[in-house]
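Biologist: Could you take one part of this model and walk me through it closely? I'd like to hear what packs against what, and what happens around it.

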Amino acid sequence: MPRPHDLCSLIQNASRARHQRVAVPHTTQNLGILSILLRAGFISNLTRGSIDAPSPEAFVEAEPSQKRIWADLKYRADRPIIDTMRLVSMPSKRIFMDFSEIRRICSGRSAQTVKPLRMGEIAVVHTDHKDYEWVEAREAVRLNLDGEVVCRAR
């Protein structure tokens with residue numbers, strides 16, 4: 001199973017190096033996290049492709065190990081929109097929260113070992129719900145969902 005720390009480090013390193021786009025391995029986990037970043041406005045576009053180029057035609061023809069998701073990073077005044085992207089739930093210590101604890105971090109209070117979300121910051125939650133597998137923390141509160149708080153970005 002792919003680990004979210006690979007995605008976090010890829011995105012953060014690419015934005016600090018001022019890359020226009022970054023290619024990440026094509027998995028449902030990476031696609032879920034990147035789609036949340038797209039909806040939150042941290043990245044501008046997602047395209048499926050191969051290792052060589054962001055092309056949907058190349059994606060269809062590529063082998064599974066060669067498939068990539070290309071994310072276009074956003075910048076404002078020559079500064080990256082994604083300042084930091086880091087894990088909350090580590091492989092050695094996974095952080096599962098119920099609805100009330102997720103609501104606490106969204107409303108400015110700590111829960112378990114997780115600091116509250118600051119202004120303009122999002123947290124990605126992985127739930128067991130079949131329709132909402134990957135959601136942003138505020139959306140999880142709105143939908144009354146529990147889950148694992150995977151990562152946060154600002």
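Modeller: Sure, here is a walk through the nonpolar core and the parts around it.

One thing up front: this is a predicted model. Let's start with the largest nonpolar core, which has 25 residues. Those with the most contacts inside this core are I11, I33, L34, L37, I43, M85 and C151. At least two core residues each come from α1, β1 (21-25), α2 (28-40), β3 (67-73), β6 (85-87), β8 and β10. There is also a second, separate core of 17 residues, and I105, V125, V141 and V149 are among its members. As background, nonpolar side chains in soluble globular proteins tend to be buried together.

Take I11 as a way in. Leaving aside residues up to four places away in sequence, I11 touches V22, L34, I82 and M85. Now follow the contact to V22, which lies in strand β1. V22 counts as buried because its relative accessible area is 7%, and the cut-off for buried is under 20%. Apart from residues up to four places away in sequence, V22 is in contact with L10, I11, A14, I69, W70, A71 and L73. Look at the pair V22 and L73: they are 51 residues apart in sequence, yet C-alpha to C-alpha they sit 7.5 Å apart in space.

W70 is worth a stop too. You'll find W70 in strand β3, and its 12% relative accessibility is why W70 counts as buried. Its contact list, again without residues up to four places away in sequence, runs through R21, V22 and A23, then N45, L46 and T47, and finally G49, S50, I51, D52, A53 and P54. For a pair that is apart in both senses, try W70 and H126: 56 residues separate them in sequence, and the C-alpha to C-alpha distance is 22 Å.

Back to α1, this time for Q12. Q12 belongs to helix α1 (residues 4-16), and Q12 counts as buried because its relative accessibility is 14%. Beyond residues up to four places away in sequence, Q12 touches D83, T84 and M85. Of those, T84 is found in the loop between β5 and β6. T84 is buried as well, with a relative accessible area of 14%. Setting aside residues up to four places away in sequence, T84 touches Q12 and R16, plus R152, A153 and R154.

R152 gives us a handy link to a pocket, since R152 is one of the residues that line the second largest pocket. The others in that lining are R86, L87, V88, T113, V114, K115, P116, R118 and E121. The space in this pocket comes to about 160 Å³. Sorted by class, its lining has five charged residues, four nonpolar and one polar.

Now for helix α4, which spans residues 99-106. Which of its residues are buried? I102, I105 and C106 are. They cover an arc of only 105 degrees around the axis, so they end up on the same side of α4. The buried residues of α4 pack against β7 (96-97), β8 (122-126), α5 (137-142) and β10 (147-153). I105, you'll recall, is included in the second core. R103 is also found in α4, but R103 counts as partly exposed because its relative accessibility is 40%. R103 and R142 are 39 residues apart in sequence, with 9.1 Å between them in space, C-alpha to C-alpha. Just after α4, G108 takes a positive phi of about 95 degrees.

That brings me to the backbone. Most residues other than glycine have a negative phi. R18 is not a glycine, but R18 has a positive phi of about 65 degrees. R18 sits in the loop between α1 and β1, and R18 counts as partly exposed because its relative accessibility is 42%. A77 is another residue other than glycine with a positive phi, near 55 degrees. A77 lies in the loop between β4 (75-76) and β5 (79-80). At 73% relative accessibility, A77 counts as exposed.

Terms used:
Residues numbered from 1 in each chain as written. Predicted model: local features only at pLDDT ≥ 70, side-chain atom pairs only at ≥ 80, totals over all residues. Heavy atoms only, no water. Buried < 20%, exposed > 50% of the residue type's maximum accessible area, 1.4 Å probe, protein only. Helix = DSSP H or I, 4+ residues; strand = E, 2+ residues; numbered from the N terminus. Arc of directions from axis to C-beta. Contact = heavy atoms within 4.5 Å. 1 Å grid on protein atoms, 1.4 Å probe; cavity = no way out; pocket = protein on both sides within 12 Å on 5 of 7 lines; lining within 4 Å. Points joined across faces, edges and corners; volume = space filled by probe spheres on them. Nonpolar A, V, L, I, M, F, W, Y, C, P; charged D, E, K, R; others polar. Core = buried A, V, L, I, M, F, W, Y, C linked by side-chain atoms within 4.5 Å.
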